[in-house]
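The following exercises are to be worked through with the sequence and the structure side by side. Each task is followed by a solution in steps.

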Amino acid sequence: MSKEIQLNFSYPTSVVFKRGAIKELSEYLKQYDFGKSCLLVSGSNFARRTGYLDLLKNELKKINCETYVYDRIEPNPSVETVEAGAMLARKTNVSFVLAFGGGSVIDAAKAISLAYSSGVRIQNFLGVMNVNVTTVPLVALPTTAGTGSEVSKYSVLTDLKQKRKLAIGGPALFPKLSILDPDTLYTLPPNLVASTGLDALSHALESFFSKNSTVFSDMLSKESIRIILNNLPRAFSGDLEAKAWMMYASMLAGLSINITSTNVVHALGYYLTTHYGIPHGLANATFLVSSLEYEAPFMTDRFAELSEALGHSSPDNVVKSRLLLKDISLLLDALRIPRNLREIGVKEDEINTMVEDVTQNYSRNLSNSPIELNKEKLIEICKNAYVGRF
Ligand SMILES: [Fe+2]
């Protein structure tokens, strides 16, 4: 065996994965002692438009739970949005927080629960990766298939003034209960299926190639990658069964990054989101092939191992690496993802500024990379992303 077995993990989140599970929310909540007052956190549109907001309120009413709605979560939630949510939680003195939405909503709800429970402003937790204070319980109901936040110990917020993403991590950020109901994906439009699905693919790939990977995270990330490659194009076309598989794969990738964290693709992607407003998963996808192409010659065995797990065979490990990269490239083509940074509007002479920003703000992510990435190497990756994937 090439990798020594060394594990150190815990998963304190109870997970339910079932079609229609949200319609039985009251039955699941009865199994816990979360109290009788809930802050329901969501975005401003989806929950209301689809009727889910009424359904959730009704389910909470069945167990005599008072519900307060905070539906102001924007994509890439800001520190200010979280502080306003925590203020409402204080005013209403809720006993638990329920998040209904995509990664932005779940991340914001985690941070609201943390700021409210601790009585400390959320700014003081930004960048802290071992937060272990006791919080009111968080129940997560994801409505996209990509973030993995429903099973992860991370929350990522945006500092609007400094144009940067700031992560908070630690045991306090784990939801107590997550209910994954694939029926919520029914109306998810193709562009969101693609961008959130590619976030999950980034999590799984970055996790597999992380220097922190273990035999256990490998098992999770490999299976996640296999499922995503087989199902994302069909999910993109609207197939509900494929969307359900994506929800499962995204959960696996979320579990995997709890162990490894993300690395270079997320670091670079954050820049495109904070400076160009590119959705998180799409921003990651723009750097996926160029980053992996750069890393491949330094870790041919690992690339070959993953390629083999995906069914490729060849006596030559370099060929196996190319086949893996081709799989990813073809998937991005099928999802009509921009082929290069130019299509996004980035100018070539911005690359130095971009790399400067990324090394300054996301050194934590970069430090998880399988190979050491200094500015020169990052510039090379960005130049490859500028030219575009093959
Ligand atoms: Fe992500």
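**Exercise 1.** In this predicted model, find the helix in which S221 lies, decide whether S221 is buried or exposed, and list its contacts beyond the neighbours within four places in sequence.

*Solution.* Begin with the secondary structure, where S221 falls within helix 7, residues 215-236. Next, count the surroundings: 28 other C-beta atoms lie within 10 Å of S221, and since the cut-off for a buried residue is 20 or more, S221 is therefore buried. Then set aside the neighbours within four places in sequence, which leaves A204, S207, F208, A253 and S256 in contact with S221. Finally, take D183 as a point of reference: 38 residues separate D183 from S221 in sequence, and their C-alpha atoms are 24 Å apart in space.

**Exercise 2.** Determine how many residues of strand 5 are buried, and which way its side chains point.

*Solution.* Strand 5 spans residues 138-142, and 5 of its 5 residues are buried. Following the strand, L138, A140 and P142 point one way, while V139 and L141 point the other way, with buried residues on both sides.

**Exercise 3.** Identify the strands with which strand 5 pairs, and the unit that it makes with helix 5.

*Solution.* Take strand 4 (residues 96-101) to begin with: it pairs with strand 5 in the parallel sense over 5 bridges, and L138 is the bridge partner of V97. Turning to strand 8 (residues 177-180), 2 bridges join it to strand 5, again in parallel, and here V139 has L177 as its bridge partner. Lastly, trace the chain through helix 5 (residues 103-118), which together with strand 4 and strand 5 makes a right-handed β-α-β unit.

Conventions:
Residues numbered from 1 in each chain as written. Predicted model: local features only at pLDDT ≥ 70, side-chain atom pairs only at ≥ 80, totals over all residues. Buried ≥ 20, exposed ≤ 12 C-beta atoms within 10 Å, placed from the backbone. Helix = DSSP H or I, 4+ residues; strand = E, 2+ residues; numbered from the N terminus. Pairing = 2+ DSSP bridges. Right-handed = clockwise from strand over helix to strand, strands pointing away. Contact = placed C-beta atoms within 7 Å.
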